[in-house]
Amino acid sequence: MSEGGTGMDASAPVETASDVAAAEIAHHGWRPERFMVIVAHPDDADFGPAATAARWIDSGSSGWLVCCTSGDAGGEDPEADPLALAVVREDEQRRAAEIVGYEGVTFLHQPDGALANELPLREQLVREIRTFRPDAVLTHDPEMVFWSDGGVNHIDHRTAGMAAVDAVYPAARNPMAFPWLARSGLAAHRVRRLYLFWTERPNCWIDVSASLGRKIDALRAHVSQIHEPEKLEERIREWGTEDGRKMGVAAAEALRLVVIDQDPEHEGPQTGE
Ligand SMILES: [Zn+2]
């Protein structure tokens with residue numbers, strides 16, 4: 001295939017830190033065999049890196065989606081039943097996840113608007129990571145607080161992003177973190193890369209010209225949240241085109257890549273597992 005190879009492919013080119021920095025204008029070709037997307041709310045993953053996820057899945061990757069909350073505060077009516085809304089939003093997210101092609105979705109049922117990066121959430125995320133065993137985790141950039149063109153990034157987005165980072169490193173790879181997990185068969189697992197979305201510090205761009213339509217279809221599944229689907233499609237296409245221009249393709253998604261471990265075949269005595 002035309003991709004630069006997967007993390008499992010021994011012929012994959014060595015990617016150094018300077019290659020990553022220089023990748024600003026080239027398609028980012030590394031692809032995980034397995035990846036997990038960790039988000040705060042239903043619809044975040046679809047507004048976020050859905051086209052990248054769809055592209056990777058089309059190329060043979062397996063993806064899993066984790067929603068920390070079920071979006072039970074995602075409405076305007078203070079009299080509304082938050083549990084009923086959660087059921088609707090989980091259904092919408094499951095439908096969207098099928099469109100993107102994830103193998104499944106886990107809802108952690110944390111409270112919308114009150115997500116806390118504390119040990120119970122970290123344990124839940126470590127459990128998910130050690131169960132699915134992804135090479136890469138995609139999550140919110142937890143360092144985004146104020147958008148440069150105005151506005152504040154929702155605290156749940158920042159919290160989910162930081163909780164995912166903290167679960168990936170060091171907890172998921174440390175068998176002595178939440179030791180009852182390893183004792184019950186969930187062995188430590190090394191996630192080698194983080195891809196942070198909704199970032200203003202992108203360092204890799206992924207050509208999603210062929211999968212942007214799936215992102216739009218997935219977004220349309222969030223019926224309770226999307227009131228003007230045509231305007232939404234226009235906006236998503238605009239964003240995709242803007243990022244695509246930087247690499248000379250029809251559409252791209254921009255992500256902030258953090259390499260934690262080089263792929264096992266390039267490592268010295270230390271091996272990934
Ligand atoms: Zn959100």
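**Figure 1. Helix H8 passes helix H9 in a right-handed crossing.** This close-up, like the others here, comes from a predicted model. H8 covers residues 212-220 and H9 covers residues 229-245, and the two pack at an angle of about 145° with their axes 10 Å apart. On the H8 side, the contact is made by Leu212, Lys215, Ile216, Leu219 and Arg220. Facing them from H9 are Pro229, Leu232, Glu233, Ile236, Arg237 and Gly240. If you sort these contact residues by character, you find six nonpolar, one polar and four charged.

**Figure 2. Strand S7 pairs with both S5 and S6.** Start with S5 (residues 193-197), which runs antiparallel to S7 (residues 252-259) and is joined to S7 by four bridges. To find your place in this pairing, look for Tyr195, whose bridge partner in S7 is Leu257. Then turn to S6 (residues 204-207), which is also antiparallel to S7 and is likewise joined to S7 by four bridges. Here a handy landmark is Ile206, which stands opposite Glu253 of S7.

**Figure 3. The largest nonpolar core has 60 residues.** Which of its members touch the most others? They are Val37, Ile38, Val137, Ala164, Ala167 and Val168. Helix H6 gives the most to this core, with six residues. Val37 is a good residue to centre on: leaving aside residues up to four places away in sequence, Val37 touches Ala45, Pro49, Ala53, Gly63, Leu65, Val66 and Leu138.

**Figure 4. Helix H3 is mostly covered.** The helix spans residues 50-58, and seven of its nine residues are buried. Those seven are Ala50, Ala51, Thr52, Ala53, Ala54, Arg55 and Trp56. One of them, Ala53, is also among the residues that Val37 touches. After H3 comes Gly60, which has a positive phi, near 115°.

**Figure 5. Asp43 and Arg133 each have a positive phi without being glycine.** Asp43 has a phi of about 95° and sits in the loop between strand S1 (34-39) and helix H2 (44-47). Is Asp43 buried or exposed? Asp43 counts as buried because 24 C-beta neighbours lie inside 10 Å, and the cut-off for buried is 20 or more. For Arg133, phi is about 60°, and the residue is found in the loop between helix H5 (119-132) and strand S4 (136-140). With 18 other C-beta atoms within 10 Å, Arg133 is partly exposed.

**Figure 6. A cis peptide bond links Tyr169 to Pro170.** The omega of this bond is near 5°. To find Pro170, follow the loop between helix H6 (155-168) and helix H7 (179-183). H6 is the helix that gives the most residues to the core of Figure 3.

**Figure 7. The chain behind the close-ups has nine helices and seven strands.** Of its 273 residues, 42% count as buried. How much of the contact count comes from residues 24 or more positions apart? Among contacts with a separation of 6 or more, such residues account for 78%.

Methods. Residues are numbered from 1 along each chain as its sequence is written. This is a predicted model: local features need pLDDT of at least 70, side-chain atom pairs count only at pLDDT 80 or more; totals for chains, interfaces and linings use all residues. A residue is buried if 20 or more other C-beta atoms lie within 10 Å of its own, exposed if 12 or fewer, and partly exposed in between; C-beta atoms are placed from the backbone. Axes are lines fitted to C-alpha atoms, for helices over the stretch in contact, and angles run from 0 to 180 degrees between N-to-C directions. A crossing is left-handed if the near helix is turned anticlockwise from the far one by less than a right angle, and right-handed if clockwise. Two residues are in contact if their C-beta atoms, placed from the backbone, lie within 7 Å. Ala, Val, Leu, Ile, Met, Phe, Trp, Tyr, Cys and Pro count as nonpolar, Asp, Glu, Lys and Arg as charged, and the others, Gly among them, as polar. Two strands pair if DSSP finds at least two bridges between them. A nonpolar core is a set of buried Ala, Val, Leu, Ile, Met, Phe, Trp, Tyr and Cys residues joined through C-beta atoms within 7 Å.
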